[in-house]
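This report looks at the overall make-up of a chain and at its enclosed space. The sequence and structure come before the discussion.

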Amino acid sequence: ADAGAMSAVAELYRGQSTGVAQQSGWDASKMNGFDMTESDVSVNINIPPSSGPNQTTDFAEAVVSRTVDTTFLRIFSQDAATVRARAVAGLEKFADFCVLALKPSVRGALKVARGATLNAACGVMVNSNDTEALQSNSGVGCVSASSIALTGATSGECVSPLPLTGAPRALDPLAYLTPPSEPQVAPIAEDLVVDTFGKLDGDYLSSDLLFTNSTSLSTTSLYYSTYGTIAASTTEGFGIDGGKIIITGGEVTLKPGYYTGNPSIKIMGGKVTFEPGIYILDSGLSISGNPTVTAEGVLFYNTKLANNGWNGFNIAGGTIASFSGLTYGPYKGMMFWQDKLTPANVGSKIVGNSTAKYEGAFYFPSTELDYAGTSQAADWTMMVADRIVISGDAHVSGGFPTTGDDVPTRKVSLLE
């Protein structure tokens, strides 16, 4: 029963249908001696479970039984009895590590550049089986963490504590998330209810209506028809070029919505505020120069909606930055998310400075994240990426238990 329930939930975790998950549960049960085609065997995989405290589609129940001959009960004229077992598995919150390089076979899946340091008040995991899965050497780069586990090994000397090598690969703890299909404005009152699908049970302010991906951008107006506006307290330094928003000065407030152009948003100066909610970018976010950028309670999902090329996130070190992840719904804690279909050669580089704050989860399942130079201001930060490069002094803190934030990461666990 345990194997059937775990196997079914593993498929749900990967985004497979209920039918695929049930078949996986039946197959796992068969491998463990319970073949439902046999007349004396019964195997039921129920999604959601038919009883108990976890009756939602995030959980799977396996109920197996077999009719067996009896021995001593025959004196009471009972020649056979049914032996039954039940198990329920689901996705459980966990925060075993906050730095995870997913690539299964590459040298330097986690690479600390010359003169750089990674200080992680949390666990570090590298899935690569290469003998230099973690590249960090004296005079080159150093890693300090609460724990370090590698599927492969490291030739590095400046690593503390001593890594556990030959560790089993970690599953992607964010793979269960379905990408957002539309932008969303954050709740306007704390008592608004967010259901399991992230829909809001309440009203938006009229000034917070969403932009739509069908609205064409105009170079002569700051308005996106009736679906919303870009609120600019000064229009100096603000422009729209071929759907690309360019900000070089002034004070600009951007609202959640679809943003097209290549890159979708380009900030080179000024003071820019992103209002809380979900932003869907068609082709990346670029911040350079010395702007002040505030994005609290925000999720940026970067994908490819139109005919623009794939692009990443690029934030330069001169930015006075304060970013934090979404504060509600199923994406709570998510901050920067790159579409998993992005080609591996499209990287992202996020460079902070002594005042920069990035509090939330970076998720780059198919591409490289180059991360550097952030302060210790964030209560918690998580990096899950195909490959990770630390190109400057970087501080990463798990901090989940002390902040009270719901961690976005999940793992498959037996619960009943």
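The sections below take the chain as a whole and then turn to the cavity.

## Model and secondary structure

The structure is a predicted model. Its chain has three helices and 31 strands.

## Burial, surface and contacts

Of the 416 residues in the chain, 49% are buried, where buried stands for under 20% relative accessible area. The exposed area of the chain is about 18200 Å². Carbon and sulfur atoms account for 50% of that area.

Sequence separation describes the contacts further. When contacts between residues at least 6 apart in sequence are taken, 51% of them link residues at least 24 apart.

## The cavity

How many cavities of 30 Å³ or more does the chain hold? The count is one. The largest cavity has a volume of about 30 Å³.

## Lining of the cavity

Ten residues would be a short list to inspect in the viewer: the lining of the largest cavity consists of 10 residues. Those nearest its centre are Phe97, Cys98, Met382, Val384 and Thr409. By class, the lining has nine nonpolar residues and one polar residue, with no charged residue. Thr409, one of the residues nearest the centre, belongs to the polar class, so Thr409 is the one polar residue of the lining.

Two strands, E4 (99–101) and E29 (381–390), each contribute at least two residues to this lining. Which strand gives the most? Strand E29 does, with three residues. Met382 and Val384, both named among the residues nearest the centre, fall within the range of E29, 381–390.

How values were computed
Residues numbered from 1 in each chain as written. Predicted model: local features only at pLDDT ≥ 70, side-chain atom pairs only at ≥ 80, totals over all residues. Heavy atoms only, no water. 1 Å grid on protein atoms, 1.4 Å probe; cavity = no way out; pocket = protein on both sides within 12 Å on 5 of 7 lines; lining within 4 Å. Points joined across faces, edges and corners; volume = space filled by probe spheres on them. Helix = DSSP H or I, 4+ residues; strand = E, 2+ residues; numbered from the N terminus. Buried < 20%, exposed > 50% of the residue type's maximum accessible area, 1.4 Å probe, protein only. Contact = heavy atoms within 4.5 Å. Areas by Shrake-Rupley, 256 points an atom, 1.4 Å probe, with all protein chains shown as cover.
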